[in-house]
Amino acid sequence: MAISVYVVTGFLDSGKTSLLNQLLNQPEMREVQLLLIQFESGDEEFSSQYDNCDVVTFSKTHLEQSPNQIVQQIISYLNEYEVDEVWVEWNGVAFFSQFLSLFSNSDLHHICKIKKVIHVADANTLDIMLKQTGGVLPEQISNCDFAVVRNMDSSSKAKYVRRLMNSINPGMETYGEMQISKMLRSIYSEYANPISILCIGIACFWAIYYIFGTPSFDFSHTPLNTLINVFLGIILQAVPFLLIGVLISSAIQIFIPSDAIERRFPKNLGLGLLVAVFWGFCLPVCDCASVPIFRSLVKKGVPIPAAVTFLTATPVINPVVILSTYYAFNGNLRVVAVRVGLGIVSSVLIGLLFSIFPSRGKILSNSFDGIMCSCGCYDGVASMPGVKGKLGLFVRHSQAEFFNVGKYLLTGAFISAFFQTIGTRSLSVQNGAGFALSLLVMIIMAFVLSLCSTSDAVVARSFSSNFSTGAVMGFLVFGPMMDIKNLFMLSGGFSKGFVGKLLLFTFIVCYLVVFILARPLLGV
Amino acid sequence: MLKRINSQACLEFICFSFFAVLLFYLTASRRYLSYVTPKMAPYLYFTSAVMLVWAVSKFPGIFRPQHRTRAAHCLILVIPILFLLLPHSSVITSGMSSGYLGGSSLTNASGNTSSASVKAYEAAAPQSNSSVTSDSSVNADTSNEDMSVSSAPAAMSSDNGADTAGGSGTDGQQGDSIKKQYGLKLSEDGSINVSDDLFYPWMSEIYSNLKQYDGTTITIKGFVYKDSETMKSNEFAPARLLMWCCSADLSPCGIICEYDKASELEEDTWVEVTGVIHIGKYQGEDEPQITVAHISSADKPKEEYVYPW
């Protein structure tokens, strides 16, 4: 039977020893033989009340110089004495992976099993620490099972800390220092490995399929078959473009120095918007790709109005879209020109609206660069110079971002496939409906269908049977800028308030611009 | 929890490499055509390559220990993989005409327009040049309905480089260019035999040059498509599904046939129809229709959908 190992991590003076004093001196622990291994000696001393706990201390220099000796010492101690639980107080400035490699030493690995890792932090200093301590702290946090945070005295502070912690380690619980019983419950509860859950889930899925997939159940005539086809169609269409977007945005994040864009970007609002439109014109990507790029631009300090203009202009006016619109609309240059023109006008207006009504507060939902850590891949990231290190970082960053944005794409694609499967007839307007109404319907349709902007022109063309070209123009202009899929992707990285505002502005501007300009420009 | 092999890195490695291999297989075996158009092939190869690089990048991590493992993010790859592996057949119209499919509901938006897509070439070349402007009138009327579908041959002709934007292209020129581009030829006895891969070019050719083909014998293959709202009981269409960009926008397309025993034909079964083209009226518009001489059941074509561009 392997000995359970519990680890407490946290920066210097965060209160690791106080927590251990609290936990290990609980009355329930009286009968348990403990060994406490400290890799750091702070101001506070550990003192055992029941005399059931031995303490061994190793210094940081010892850890760095002769880790094997430490392992041997621990092993010989465990062989000599009867120990039920091993508790470890890990050094605050050492990477947690160092501890893991220590304990995955073959001999130690056989007698010990790491059960839980607890991170201790102080609410008052957490965000400063995260900014100042490089990779160590996020790495420790991303590896812990739950966190104990001191000084969470107000509910707003607690909320802030929880959000911060969850941006680094999604789904993790954070307790206050007084919630001892909850901590103990967490410490001794066994939860299933998520990977086993996933495997079991996949197995169940197949089992269900084989039960229902027998010949007696004709699968091909069910809406489910259609749903799967539509869903896979959207996914296979969108994933390559999402990938392009993720790669470009990661390249911006990693290879461009953090102030280069901000420094060179025109300070003048009008000029900034023009530059944004120009770059939107140059990048042949659809809306799946523009969302991650938009996010990295905002992170790099591009002014919000210009970034928003870029976000909304790119999917409407880029060369691929122009070409597909040209083909779909019968080579009618007027439609192409009106689409591009209205796209530019709308996106510039949206940008202007954002400069008139600037967003207050943080618009990026993670104040700390959460993407970097949520993958648990923070080991030594900060100290990676050179091209090779950067390339590795680029690959990891793009993967993390792919997973991050991908889940919203998947959700959006599924909802959109669902709507298409149950049919959108209810949304249709009979011939003869007024322009105002049919435009509204077209815009809602664009929002729901979430088509890729590089190919939506063809679908829009098929609407011309029921809607006037003016109304279809609403579909062509609004659809790429905003739809279910984009909304989900945006809400993954930005605050609710900002996304809501963007949706509102985009809707109002597109509606009015198309309503006022489309018909005269199309000559109808 | 701790294993000496990092199970999360392992899982990610497996997911990436599996997705890469699956995408490559889909594309190389042309199975991807059930979901997207041939235009996407290079993009899918690109995705497969990136996934492979990502898989390789995970390799060193497999031996790096990690305490807290996560698996939820891998669902993003696992779900599409499962759906791709889950045996499902291609979309059929009985599902669509009963309002299931969005692709058709795009064209079927007002319920009576599935007809529009069937007679996708109704508004043939003569009108198609002006269609974009004419159908933009606020009150779309019946004739507008036909306009929409004209996009098909029109897109085709602009493909050919014909200047249709100015509305200068004449029927003959357009027809010729379609004919030339795809090498459409009449059989020796002067009849048309529409092969599986030339379905779309022939459709646009016949719709564009309707008068020229009046009285020509045609053999064409498709699945039986009926729309009770717009077709008479003695009418059906040997139709095929057009895919414009992905399986979300499939729409049926075919020439309407007059056949007394049309009601006996089972929907969605594949048939080969031989008959004579005549100019018929469909909701007030001239369009080709076939008087059926002979019907036999047929095999599904290798590529079930038609990709107009």
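What percentage of the contacts in chain B between residues at least 6 apart in sequence join residues at least 24 apart?

**Solution.** Take two residues as in contact if their C-beta atoms, placed from the backbone, lie within 7 Å. Among contacts in chain B between residues at least 6 apart in sequence, 70% join residues at least 24 apart.

The model is predicted: local features need pLDDT of at least 70, side-chain atom pairs count only at pLDDT 80 or more, and totals for chains, interfaces and linings use all residues. Residues are numbered from 1 along each chain as its sequence is written, while chains are lettered from A and ligands numbered from 1 in the order in which they are written.

**Exercise 1.** State the secondary structure content and the buried share of each chain.

**Solution.** Step 1: helices (H or I, at least four residues) and strands (E, at least two) are DSSP runs, numbered from the N terminus. On this basis chain A has 24 helices and seven strands, and chain B has 11 helices and seven strands.

Step 2: a residue is buried if 20 or more other C-beta atoms lie within 10 Å of its own, exposed if 12 or fewer, and partly exposed in between, with C-beta atoms placed from the backbone. In chain A, 49% of the 524 residues count as buried. In chain B, buried residues make up 51% of the 309 residues.

Step 3: for chain A, residues 24 or more positions apart account for 83% of the contacts with a separation of 6 or more.

**Exercise 2.** Describe how H1(B) and H2(B) pack, and what the contact consists of.

**Solution.** Step 1: axes are lines fitted to C-alpha atoms, for helices over the stretch in contact, and angles run from 0 to 180 degrees between N-to-C directions. The axes of H1(B) and H2(B) come within 8 Å and cross at roughly 155°.

Step 2: angles under 35 degrees count as roughly parallel, over 145 as roughly antiparallel, 65 to 115 as roughly perpendicular and the rest as oblique. H1(B) and H2(B) are therefore roughly antiparallel.

Step 3: a crossing is left-handed if the near helix is turned anticlockwise from the far one by less than a right angle, and right-handed if clockwise. H1(B) and H2(B) cross in the left-handed sense.

Step 4: the residues that make the contact include Phe13(B), Phe16(B) and Leu23(B) of H1(B), and Leu44(B), Met51(B) and Trp54(B) of H2(B). For the classes, Ala, Val, Leu, Ile, Met, Phe, Trp, Tyr, Cys and Pro count as nonpolar, Asp, Glu, Lys and Arg as charged, and the others, Gly among them, as polar. The contact of H1(B) with H2(B) divides into 14 nonpolar, four polar and two charged residues.

**Exercise 3.** Repeat the analysis for H14(A) and H15(A).

**Solution.** Step 1: helix H14 (residues 287-299) and helix H15 (residues 304-317) of chain A pack at an angle of about 170°, with their axes 9 Å apart. That makes H14(A) roughly antiparallel to H15(A).

Step 2: the crossing of H14(A) and H15(A) is right-handed.

Step 3: on the H14(A) side the residues are Asp287(A), Ser290(A), Phe294(A), Leu297(A) and Val298(A), which meet Ile304(A), Ala307(A), Phe310(A), Leu311(A), Thr314(A) and Pro315(A) in H15(A). This contact has eight nonpolar, two polar and one charged residues.

**Exercise 4.** Characterise the loop between H1 and H2 of chain B through Arg30(B) and Pro38(B).

**Solution.** Step 1: Arg30(B) lies in this loop. Arg30(B) has a positive phi of about 65° although it is not a glycine. Arg30(B) counts as exposed because it has 12 C-beta neighbours inside 10 Å.

Step 2: Pro38(B) is also placed in the loop between helix H1 (7-28) and helix H2 (41-58). With 14 C-beta neighbours inside 10 Å, Pro38(B) is partly exposed. Leaving out residues up to four places away in sequence, Pro38(B) touches Leu33(B) and Tyr307(B).

**Exercise 5.** Compile the backbone angle, location and exposure of Asp51(A).

**Solution.** Step 1: Asp51(A), although not a glycine, has a positive phi of about 60°.

Step 2: the residue is found in the loop between strand E2 (34-38) and strand E3 (53-57) of chain A.

Step 3: with 7 other C-beta atoms within 10 Å, Asp51(A) is exposed.
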